[in-house]
Amino acid sequence: MDANALDLSRLQFAFTVAVHIIFPALSIGLASFLAVLEGCYFKTGKPHYKVLCMYWARIFAVGFGMGVVSGVVMAYQFGTNWSGFARFAGPITGPLLTYEVMTAFFLEAGFLGIMLFGWEKVGPKAHFAATLLVATGTLISTFWILASNSWMQTPRGFSIQDGHVVPENWLAIIFNPSFPYRLAHMTMAAFIVAAMVVAATGGWHLLRGRRDPEVKTMYSMALWLLLFLAPIQAFVGDQHGLNTRKYQPAKIAAIEGLWETEKGGTSLNLIGFPDMQAEETRYAIKVPHLGSLILTHSWDGEIRGLKEFPKEDRPNSSVIFWTFRIMAGLGIAMILLALLGALLRRGGKLYEFRPYQWLTVIMGPAGVVSLIAGWITTEVGRQPWVVYGVLRTRDAVSPLTAQSAGVSLLIFVMVYFLVFGTGLYYILKLIYAGPGVATDETPVFTPVDPADASGRRPLAAAAR
């Protein structure tokens, strides 16, 4: 294998994952949001809940479809670019992904059509049940995917025979040491992604002068969810960090740009530029003992520096030092955004204070950016292992040439920008159009522009 093929294969998988993860995260959050909206409609009969449900179901459907397509592409790469990993870890990762398909994807696919098109074809209880089952399917999917990925981070419950893993304890495999923290962290991240998109949509239409129940309701619900989840996410992230320090200490050292083990208390590098060759963090701004307080919850807790690990076992600190700070910084910004919204709500200015509405629009992508930064931190921080401490990444790659890996990467980039760029553009068109206006006489969705309902161009009508 050409050594450059390894880097190109890693870059290709990183690119496809970064694109893919946007759509499942949005789908997970929106599916539960749709279940809540339909539950409110089922209980109260207020038409604006149904309008919102049908509107966000369109966006969910597009995101769900693109998530499925991009997920299939990722699965194929296990055979094309990572055959060493497939041979070695297939007896564990294969069944876990199969369980995801059989328990989650079939559930979602089986009831998605009823949820999207069954409003006038099945009864209210049956339709609400279908929506709940789709939302449940997205959460079950999260469970199995995180079980597989968490096992790669903290592998347990297996032995190695004839050059591949043999499962011995499926409970230990699934409920490995990092799984509970990663499952909670990812699930709440998906909800926050959806909340930020919904809040940005509501803020945009408030800025355009709309004050109807649809816009005010989705804006209010998204900000309530953000106020509740963002602080909890910070707590879960803290617990995840403690777990990572225990099982992946080199990752923590790389995240903090910490090279020396500091006795009597560890400083926190707020900013700096880790240099992997010089083995130092240049221009670091340090806060004494803060690293110990955050990572050990004690004043003088000790954190192992990167120099205590062999060079070949060190993650790339120059990457994850900054991706972690992007994730954490945006997390703090979202907490402050939610708190400011709560103050404006208490003062009766939530729907009238235009600077805050602009802020919610600008912050709309923050959930997605934070999510991608967090995944980069997690996956790059696991290197140079694909199964931590068991299988090195260089031993997992297929026997490719740099030319073939580079050509496939280039094709992926072009096709992804064309296909998923078009899908994203369509979602933005739907967001720009906003939900229809409901009245007592028209309790179902009405297009913003009646001319678009002529039936001549249904896709264009949906996008306007």
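Start by selecting L229 in this predicted model: helix α7 bends there by about 25°. Now add P231 to the selection, a proline that follows the bend within four residues.

Next, pull up the whole of α7, residues 213–247, and put a distance monitor between its end C-alpha atoms. You should get 49 Å. How does that sit with the expected span? At 1.5 Å a residue, the 35 residues should cover 51 Å, so the two values agree.

Stay with α7 and bring up the largest cavity, since the largest share of its lining, four residues, comes from this helix. To see the full lining, select Q153, T154, S178, R182, H240, N243, T244, Y247, Q248, K251 and T378. Colour them by class and you'll find one nonpolar, eight polar and two charged residues. The space they line has a volume of about 40 Å³. Don't go hunting for others above the cut-off: a search of the whole structure turns up one cavity of 30 Å³ or more.

Last stop, the cysteines. Select C40 and C53 and show their sulfurs. Why is there no bond between C40 and C53? Their sulfurs are 9.9 Å apart, too far for one, and C40 holds the closest cysteine sulfur to that of C53. A disulfide needs the two sulfurs within 2.5 Å. The structure as a whole holds zero disulfides, and for C40 too, the nearest cysteine sulfur is that of C53.

Switch on a surface before you leave. Is C53 buried or exposed? C53 is buried, with a relative accessible area of 4%, while C40 is partly exposed at 24%.

Methods: Residues numbered from 1 in each chain as written. Predicted model: local features only at pLDDT ≥ 70, side-chain atom pairs only at ≥ 80, totals over all residues. Heavy atoms only, no water. Helix = DSSP H or I, 4+ residues; strand = E, 2+ residues; numbered from the N terminus. Expected span 1.5 Å × (residues − 1). Bend = angle between axes of the 7 residues up to and from the residue. Buried < 20%, exposed > 50% of the residue type's maximum accessible area, 1.4 Å probe, protein only. 1 Å grid on protein atoms, 1.4 Å probe; cavity = no way out; pocket = protein on both sides within 12 Å on 5 of 7 lines; lining within 4 Å. Points joined across faces, edges and corners; volume = space filled by probe spheres on them. Nonpolar A, V, L, I, M, F, W, Y, C, P; charged D, E, K, R; others polar.
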